[in-house]
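Let's work through a protein structure by question and answer. Keep the picture open as you read.

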Amino acid sequence: MTPSAPVTSVHADGVALVRLSNPPVNALSGAVRGGVVDALQKANADPAVRAIVLTGEGRGFSAGADITEFGKPPVSPSLSEAIASVEESPKPVVAAISGNALGGGLELALGCHARVAAPDAKLGLPEVKLGLLPGAGGTQRLPRLIGAVPALKIMVEGNPIGAEAAKAAGLVQEVAADPVGAATALALSLAGSTPRRSRDAANLGAREAFEEAAVATLKRAGENPSAAAIVDAVRLAFEKPIEEGLAAERAHFVRLRDDPRSKALRHLFFAERAAAQIPGLPKGTKGREVARAAVIGGGTMGGGIAMNFANAGIPVTLIETDQDALTRGLERVAGNYATSVKRGSLTEAARDQRMSLIKGAVGLEAAAEADVVIEAVFEEMGLKKEIFGKLDGIAKPGAVLASNTSYLDVDEIASATSRPGDVLGMHFFSPANVMKLLEVVRGAKTAPDAVATAMELGRKLAKVPVVSGVCYGFIGNRMLARRTAQAERLLLEGALPQEVDAALTAYGFRMGPFQMGDLAGLDIGWRIRKAQGKRAPIADALCEAGRLGQKTGKGYYDYSGAARSGVPDPEVRALIERVSAEQGITRRAIGQEEITERLLLPMINEGARILEEGIAARPGDIDVVWLYGYNWPATTGGPMFYADTIGLPRIVERLERFAAQSGDETLQPAPLLRRLAAEGRGFSSLEAKAA
Ligand code: T1G
């Protein structure tokens, strides 16, 4: 037995115990697949071996095919060949599953003649989440084992099921605390008999029931090529022998794998994990212990942030300046939880448990025992510096002092304290208890272990943390400002709000810039512009007319009618046309393609500047910010991945044209964008660098 081999096999007492050993998740790389085939050959060639057990070392059975291999030259044996060697084994093979058996990992277990699961096992086919479909027999073997309708649900939803559910479905024969021991006994009991192959179609269930489920599935899935492919592949199980079904499945897999949609989803899978690696942080830097938290400010953001701690089981003190404000804050939190209970997404017991972790207090002194203090007060530098100056003398040594600021200079905030090493930004996105993005803003003097603390805490709070350097708006809001500016210019030049919003929703966003502005309230941007001495003629005119969005019943749209999403308002069109005339602009019809490019390409351009300045460590970090902070459609991979998809030379050419057309010099391509385009490279060719 060679311990470093990715597959080991020990023959003892009539059983060959074959272990997958490819940390961290036993991904089924070429070496693992070859190891499985070799181990099965040796076991079947050894007369002392009567039965075979296949299991995974470490955290779980297997997380599936090695996604990093996709797009590279194929390595034999294929996963389907490895699974066939298991299924065709003359001696029975039983899978002993602990932890994850996902994707190709579960397909490998399906090739076995029986399966035993540990109570903690999670079994699933999540390929749909990567824009794929199970491509190594899952669409043919699972329906034949548990029925077409339950198999369809597992594959189209892509969520894992637990051991007991798997047993109830007939996916595993046994749940045992010692899966290897139980699998060994089961395998020996099967020795000598013809191993059961999940090839017959007897278990598929009624065709009509499947067709009904297929219609409902496709309706729910919408434009999802993976779901359509899965339905087609499972349908073949009713009509063709398994060999033909496997061939059709393989064709679907190759088509989906090579589609930009799946490449985008696979990019984001790795980008989210890469964002956790912080270049420039000394190796092995550990975060500080966070047993207690405090949040300053019981407004919408502060309450949501406090809920994040309670949801993670961390006691938190919500601090306000007076009892009335505190009561309002706590009532808002209670209301949020009540909504979840009403929706059925939270039990009353869980709600009570979480509420018990949130204590209210008046005065900053209540932050004295907290290991992390998050300030979430009004977006005004003077107020924030006053608070941090006081916290400096109140918070215990080593406490991390974080600001939830959306834009402001974290270094300036830190300068109000005697311990800038403890100060950083933790920028949550509204609603803070829902949105997954957390921008961790690293100040010039922020200590490495303070950064590590915020990153680890972010994950504990079920957020996706991304490190940003200090600049106005950090990564996401700095790029959003470019889109907002272009959206206003498009209105001035001839477009209408509904045309601009339609362009963005057609691209895949849930809502466009003007729908979003009306939802959040137009006065937020208005206040920021006034503080900066800037103007946005149309947005300012709407605010001056009292049209602040949904909260005043009118904004870019009219919300006085039945339609929740608001309807175009002739008064707004007249206001836009008046402001255009005042600006001396001759309006023109603007097509959807130009609108989309004018909204997205300036953001990509700003992303290039953000990379040049080292504000973001890598392009994928920017994609993760836009996925989890602003719902960029995952199927195009985020702004920087999308830029590589359309090609940087085209982006340079379009930006130069827009700059010349509008005289807006901010549209000139960033130097990094020009350089990469000239070198024929994409953003993905950039190495990570310290933020
Ligand atoms: N291939 C390659 N690397 C993988 C991997 C995979 N399948 N799964 C995880 N990793 C890496 C991951 O990038 C990270 O790397 C490390 O392992 C730990 O992962 C033919 C075609 C299993 C639930 O979709 O959902 O099979 O950052 O941080 O939080 O039909 O990993 O350390 O360098 O996520 O404990 C289908 C994907 C593949 C499952 C564990 N399988 N993985 O979560 O650890 S396609 C999946 C996960 C397929 C067949 C098809 C999760 C996890 P690094 P992690 P975790």
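Buried means under 20% relative accessible area, exposed means over 50%, and partly exposed lies in between. Keep in mind that this is a predicted model.

Q: Does Tyr630 count as buried or exposed?
A: The cut-off for buried is under 20% relative accessible area. Tyr630 has 12% relative accessibility, so the residue counts as buried.

Q: Is Trp626 buried or exposed?
A: Use the cut-off of under 20% again. The relative accessible area of Trp626 is 0%, so Trp626 is buried.

Q: How are the rings of Trp626 and Tyr630 arranged: stacked, edge-to-face or tilted?
A: A search of the whole structure finds 13 aromatic pairs. In the pair of Trp626 and Tyr630, the ring centres are 4.0 Å apart and the planes meet at 25 degrees. Planes under 30 degrees apart count as stacked. The pair is therefore stacked.

Q: About how many helical turns separate Trp626 and Tyr630?
A: Both residues lie in helix α25, which spans residues 619–630. They are four residues apart there, so the separation is about one helical turn.

Q: Which residues form one aromatic cluster with Trp626 and Tyr630?
A: The cluster includes two more residues from the end of the chain listing, Trp632 and Tyr642. The other members are Phe429, Tyr507 and Phe509.

Q: Which charged residue sits over the ring of Phe509?
A: Phe509 belongs to the aromatic cluster. A charged end lies 5.6 Å from the centre of its ring. That end belongs to Arg483.

Q: How far is Lys530 from the ring centre of Trp526?
A: Here a lysine lies over the face of a tryptophan. The distance from Lys530 to the ring centre of Trp526 is 3.7 Å.

Q: How many residues surround the ligand?
A: Turn now to the ligand. The closest residues are Ala63, Gly104, Glu107, Glu127 and Arg273. The count of surrounding residues is 26.

Q: What are the classes of the residues in the shell around the ligand?
A: Five residues of the shell are charged. Five are polar. The other class is nonpolar, with 16 residues.

Q: Which element gives the most to the shell around the ligand?
A: β5 (100–102), α3 (104–111) and α11 (260–274) each supply at least two residues. One element gives the most, with three residues: α11.

Q: How far is an oxygen atom of the ligand from the side chain of Glu127?
A: A backbone N or O atom of Ala65 lies 2.8 Å from a ligand oxygen. A polar side-chain atom of Arg273 lies 2.7 Å from a ligand oxygen. For an N or O atom in the side chain of Glu127, the distance is 2.6 Å.

Q: What share of the ligand's accessible area does the protein cover?
A: On its own, the ligand has 1,000 Å² of accessible area. The protein covers 72%.

Q: Is Ser62 buried or exposed?
A: Ser62 lies in the loop between β3 and α2. A polar atom of its side chain is 2.7 Å from the backbone oxygen of Asn26. The relative accessible area of Ser62 is 1%, so Ser62 is buried.

Q: Is Ser76 buried or exposed?
A: Ser76 is also placed in the loop between β3 (51–56) and α2 (79–87). Its C-alpha is 10.0 Å from that of Ser29, 47 residues away in sequence. The relative accessible area of Ser76 is 64%, so Ser76 is exposed.

Q: Where does Pro24 lie?
A: The peptide bond from Pro23 to Pro24 is cis, with omega near 5 degrees. Pro24 lies in the loop between β2 (15–20) and α1 (30–45).

Q: What is omega for the cis peptide bond that joins Ser430 and Pro431?
A: Pro431 is found in the loop between β15 (423–428) and β16 (437–441). Omega for the bond from Ser430 is about -5 degrees.

Q: What is phi of Asp13?
A: Asp13 lies in the loop between β1 (7–12) and β2. At 76% relative accessibility, Asp13 counts as exposed. Phi is positive, though Asp13 is a residue other than glycine, and the value is near 50 degrees.

Terms used. Residues numbered from 1 in each chain as written. Predicted model: local features only at pLDDT ≥ 70, side-chain atom pairs only at ≥ 80, totals over all residues. Heavy atoms only, no water. Near = heavy atom within 4 Å. Polar contact = N/O pair within 3.5 Å; in protein donor to acceptor, adjacent residues only side chain to side chain. Areas by Shrake-Rupley, 256 points an atom, 1.4 Å probe, with all protein chains shown as cover. Nonpolar A, V, L, I, M, F, W, Y, C, P; charged D, E, K, R; others polar. Phe/Tyr/Trp six-rings, centres within 6.5 Å; stacked < 30°, edge-to-face > 60°. Buried < 20%, exposed > 50% of the residue type's maximum accessible area, 1.4 Å probe, protein only. Lys NZ or Arg CZ within 6 Å of the ring centre and 35° of its normal.
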